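Visitor: Please take me through a close look at a single part of this model, starting from one residue and working outwards to whatever it leads to. I would like the cut-offs spelled out as you go.

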Amino acid sequence: MIRNLFVFLFLVSFVFANNLTNPQTIYQKKCQMCHAMDYPETLEEKRAQVAPNILMVMRNISIGIEAVEEPKNKEELRKLVIEFMNDYIFEPTAQKSYCEEVIFKHFDYMPSLKGFISKQEAQIVVPWVYDTFSPKKD
Ligand code: HEC
């Protein structure tokens, strides 16, 4: 019985091994190589960037979504931004992007992360990214 339980737990851990569950770990493994967590401090750091840092990204999309969708309150804005991100990660397009034109002079479009991040991982990391990096107004 105990042995069976061990075998069972062993198998379960295998099944879930590919899916990360800690949002910060997911961020570090699937977003941070492109989106730094802070503004660059030196010119070298600035030149090495392959994507806008996440503070800038969250600021842009929060302002953009607020202006376009006119959410009634903070909870609705949070929900809209999270929905947008869950979609954009898998299906990024220039039409959808809230980045200003100037961003694309410096950076490529974000590639689709399909196959690199699972839907479950996206659902864990996206709200965490919103709560950690979006501009606080109050
Ligand atoms: C291979 C590099 C790369 C990875 C990995 C990556 N991104 Fe991006 N991302 C970019 C680039 C480049 C842009 C800027 C151009 C654009 O908006 O498509 C961007 C833009 C974005 C935007 C802004 C979209 C908009 O409307 O302006 C969001 C949100 C975003 N990334 C979230 C994430 C999250 C969350 C992850 C991790 C799950 C992630 N990205 C992983 C390269 C990356």
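Guide: Let us begin with M110, which touches A51 and P92 once residues up to four places away in sequence are set aside, a contact being a pair of C-beta atoms, placed from the backbone, within 7 Å. The model is a predicted one, in which local features need pLDDT of at least 70 and side-chain atom pairs count only at pLDDT 80 or more, while totals for chains, interfaces and linings use all residues. Residues are numbered from 1 along each chain as its sequence is written.

M110 sits in the loop between α6 (101-106) and α7, where helices are DSSP runs of H or I with at least four residues, strands are E runs of at least two, and both are numbered from the N terminus. M110 is partly exposed because it has 18 other C-beta atoms within 10 Å; on this scale 20 or more such atoms make a residue buried, 12 or fewer make it exposed, and anything in between is partly exposed, with C-beta atoms again placed from the backbone. The C-alpha atom of M110 is separated by 9.7 Å from that of F90, which is 20 residues away along the chain.

M110 also leads to the ligand, since M110 is among the residues that come nearest, together with C31, C34, A51 and Y98, out of 28 around the ligand; a residue is near if its C-beta atom, placed from the backbone, lies within 6 Å. The elements that give two or more residues to this shell are α4 (54-69), α5 (74-90) and α7 (119-133). By class the shell holds 23 nonpolar, three polar and two charged residues, with Ala, Val, Leu, Ile, Met, Phe, Trp, Tyr, Cys and Pro taken as nonpolar, Asp, Glu, Lys and Arg as charged, and the others, Gly among them, as polar.

Of the helices that contribute to the shell, let us follow α4. It has 16 residues and spans 21 Å from its first C-alpha to its last, close to the 22 Å expected at 1.5 Å a residue, the expected span being 1.5 Å times one less than the number of residues. The buried residues of α4 are I54, V57, M58, I61, S62 and I65. Seen down the helix axis, these buried residues fall within an arc of 120 degrees, so they line one face of α4; the arc is that of the directions from the axis to the C-beta atoms. An α-helix has 3.6 residues a turn, so residues three or four places apart point the same way. On the face turned away from the buried side, α4 carries the exposed residues I63 and A67.

The cover over the buried residues of α4 includes α5 and α7, and the largest nonpolar core shows related partners. That core has 17 residues, of which Y27, I54, M58, I61, V125 and V129 touch the most other members; such a core is a set of buried Ala, Val, Leu, Ile, Met, Phe, Trp, Tyr and Cys residues joined through C-beta atoms within 7 Å. The elements giving two or more residues to this core are α2 (23-30), α4, α5 and α7, and its largest share, five residues, comes from α4. I61 touches V81, F84 and Y98, not counting residues up to four places away in sequence.

V81 lies in α5 and is buried because 24 other C-beta atoms lie within 10 Å. Leaving aside neighbours within four places, V81 is in contact with I61, S62, I65, Y130 and S134. From the side of α7, the buried residues are E121, V125, V126, V129 and F133, and these pack against α2, α4 and α5.

At its end, α4 is followed by E70, in the loop between α4 and α5. E70 has a positive phi of about 45 degrees although it is not a glycine. Most residues other than glycine have a negative phi. With 10 C-beta neighbours inside 10 Å, E70 counts as exposed.

To place this part in the whole, the protein has seven helices and zero strands, and 17% of its 138 residues count as buried.

Conventions. Contact = placed C-beta atoms within 7 Å.
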